[in-house]
Amino acid sequence: MSCISRLTILAVSCCAVSQSLANQDTALVAEIKTTSHTHDAHQPDKTHQHDNAHQQDKSHAQADEHEHEHKHEHSDEVERIVVQATRTGRIADEQPTRVEIINREEITEKATMRPGNISMLVAETGGVRVQTTSPALGSANIRLQGMDGRYTQLLADGLPLYGNQAASIGLLQIPPTDLGRVEIIKGSASSLYGGSALGGVVNLVSRRPGETFKGETLINLTTQDGQDLTTYLASPLVGALKGSVTAGAHHQKSVDTDNDDWIDLAGYERYTVRPRLFWQGSDGESLYVTAGYMTENREGGTTEGGVVADGKPFVQTQDSERTDGGLVYSMPIGAQYTFSSKASVMIQQHDHRYGDNTDDDQHESYLVESSLSGYTEKSDWVVGVAYQSDVFDSTAYPEFDYTYEVPGVFAQLDHETTSELTTTYSIRVDEHSEFGIQVSPRISLLYRPGDLTIRGSYGQGYYGPTPFVEEIEAAGLSRLAPIEALTEEQAETASLDFTYTFDDIETSVTLFGSNVENATRLDAFSSRDNGVLDSVRLTNADGERQIRGSEVLLRYYWKDVKLTASYLYLDATEMSPENDGRREIALTPQHSAGFVAMWEQHGNFRAGFEAYYTGPQRLNDNPYMDESKPYWHLGLMGEITHGSISYFINLENLLDVKQSDEHPLLLPSRAASGQWTTDIWSRNDGFIANGGVRITF
């Protein structure tokens, strides 16, 4: 079906859903209801009471990030955050589903470290690992609690504006400038968002305009010849209409840090723009509309004059262009019910070059959804319908084209059994055009005896496989055999979380596990039957992938100083291809830890130190070593503010860690998938410093 035809269908569908039922996850326009300061969404609500006002928060409350500006004294009261990523829009403290929050203050800190993309922002959250998937182009995806990155759904204000199955490069094309907070749900969220959220959800929530004009410009320069310029403007417009716009220009020169004629830091030139409109009616109606455009040229591979082992140059490039749009409309019905409609469309074009092979392709993603929600004294509920579509169209390799049409129905019930116990039941039934009917249930419990908060969750979900596993994103489709007889990937996940707050100390311990069946993997084979492995095929792996682990988080506040320590243990195994027993999943460290110290006087200065440890990892098809060495990542940052101008400097990778110091990045012969490098298990950019200025007005 043509792109124009699909846009026509979408427009008609939007008109239909605006008259139909709707869902309550338009807590989109509900922002931060603040009484004081907290950094953790799963910190207990010390009032231990269900605040009935949260029903109004869902569709009436708005707040700008300036509400954070006075909250830098830690107190016994907590910030009231209406979570958008869960459908009933409860306050974070009252969510049976554990939702981790990265607030505006932390986003501002990370924006000075990496203003061009959100990779560092999410990477330093416990249980989250940003894994490089293409050593040539630097692309990366988000792994939650050891699950593959393709299972993580990336949303913007609850909309899949980057695609239902976003390519890894998308993570590097999203500047954090206009983010108000980030919400992270770990574990299967297929009951909420379908098959694209098998491993969890990362929801990017935008900043909300206030009652006056506000703006911000950030200029950043790096020691590796990188430059960033981002601007954010927000203002009331006419009546109840407010708007914001964010724009960015980003440049990075190609850098070969170890002089092996292979680019270690991919070069790129990128431009982005995103306007947003917010409208709040006098009777509680709300409308949110956004559109976005991004264009980027990215280059990696061999340097000019450089060659790989076959004596030829291998230049790898990707030119991207993405256009997207979305809307969310919400309207109260009487005193107890709300309906809303939401829709989105994303069209992304890629021009790839892998050495002598070129491939132009187009990805399309569509969503239309509506539902009805309501509440009683003890319960919140929502029922709804949804339609999702994913389309891939390749010019050079049409045998891999696919169109997934997925209509579905869903329901969720939050019920307060007692004053201490709240339960969430959710279920979704999808009719996948390729993989048939899929049922995804989830149950979550919240138990709060005193100052201790206990959460437990169990969920099941699925994922409709595509050709784009990590190795194919890195090497392209030229060596992939036509796909035959793949079945859907299925998983069950569970977690148990304990959170306790005592004075200025916050502690959290989480136990989690997942079983994944039919995980897709690449098997190498010889296309000429001569014993030379020169092709790959996608298959469903035998046996289960089993992931067991735990997270520990500790925060301590002392005057203007905040100390955070975290530890993650992962026992992630799979059946070996030879069926001779279980082995560790590659690129999944068993031990990792972090420590961050931040000293801040708001309006004057902030200074921080961070240290992250990554333990040994099993390596796949690496001719130089079977297991990686552990390494540390150390960083320092400082920022001084004078009125509306802030000056910042950031030092990354103080130990100058580079994977190429341990073994060559280039392979002695080309891999069966077509890749010319080993996988990235460490860093390869070396020490880098950046600094700049932020101007607010």
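In the predicted model, strand S22 and strand S23 (residues 505-517) are paired in the antiparallel sense through 13 bridges. Two residues separate the strands in this hairpin, and Asp503 adopts a positive phi near 50°. On its other pairing, S22 (residues 489-502) is joined by 12 bridges to strand S21 (residues 452-463), and these two strands also run antiparallel. Phe498 links the two pairings: Ile454 stands opposite Phe498, and Val509 in S23 is the bridge partner of Phe498.

The antiparallel pattern continues from S23 to strand S26 (residues 545-558), with 12 bridges between them. Within this pairing, Phe512 has Gly549 in S26 as its bridge partner. S26 is in turn joined to S27 by 13 bridges, again with the strands running antiparallel. Gln546 stands opposite Thr573 in S27. The hairpin of S26 and S27 has two residues between the strands, and Lys559 there takes a positive phi near 55°. In general, strands of a sheet pair through backbone hydrogen bonds, in either a parallel or an antiparallel manner.

A parallel pairing is found elsewhere in the chain, between S6 and strand S8 (residues 200-206), which are joined by five bridges. Gln153 stands opposite Val201 in S8. Both strands belong to an open sheet of four strands with the order S3-S7-S8-S6 and mixed pairing. Strand S3 (100-102) and strand S6 (152-156) are the edge strands, each pairing on one side only. On average, neighbouring strands of this sheet are turned by 15° against each other, with direction ignored. Helix H3 (residues 104-113) lies across S3 and strand S7 (179-186), and runs at about 105° to S7.

The loop between H3 and helix H4 (119-123) contains Arg114. This residue counts as partly exposed because its relative accessibility is 26%, which falls between the limits of 20% for buried and 50% for exposed. Leaving aside neighbours within four places in sequence, Arg114 is in contact with Ser119, Met120, Pro176 and Arg683. A further link in space to a distant part of the sequence is given by Asn690: the C-alpha atoms of Arg114 and Asn690 are separated by 8.7 Å, although the two residues are 576 residues apart along the chain.

The largest pocket has a volume of about 1200 Å³. It is lined by 47 residues, of which Glu471, Leu522, Asn620, Asp621 and Asp679 are the closest to its centre. Helix H6 (470-475), strand S24 (520-525) and strand S27 (561-575) are the elements that each give two or more residues to the lining. S24 supplies the largest share, with five residues. Strand S27 thus has two roles in this description, since S27 pairs with S26 and also contributes to the pocket lining.

Over the whole protein chain, there are six helices and 33 strands. Of the 697 residues in the chain, 60% are buried. Among contacts with a separation of 6 or more, 67% are between residues 24 or more positions apart. The accessible surface of the chain comes to about 25900 Å², and carbon and sulfur atoms account for 56% of this surface.

Key
Residues numbered from 1 in each chain as written. Predicted model: local features only at pLDDT ≥ 70, side-chain atom pairs only at ≥ 80, totals over all residues. Heavy atoms only, no water. Pairing = 2+ DSSP bridges. Axes fitted to C-alpha atoms, helices over the stretch in contact; angles between N-to-C directions. Contact = heavy atoms within 4.5 Å. Buried < 20%, exposed > 50% of the residue type's maximum accessible area, 1.4 Å probe, protein only. Areas by Shrake-Rupley, 256 points an atom, 1.4 Å probe, with all protein chains shown as cover. 1 Å grid on protein atoms, 1.4 Å probe; cavity = no way out; pocket = protein on both sides within 12 Å on 5 of 7 lines; lining within 4 Å. Points joined across faces, edges and corners; volume = space filled by probe spheres on them.
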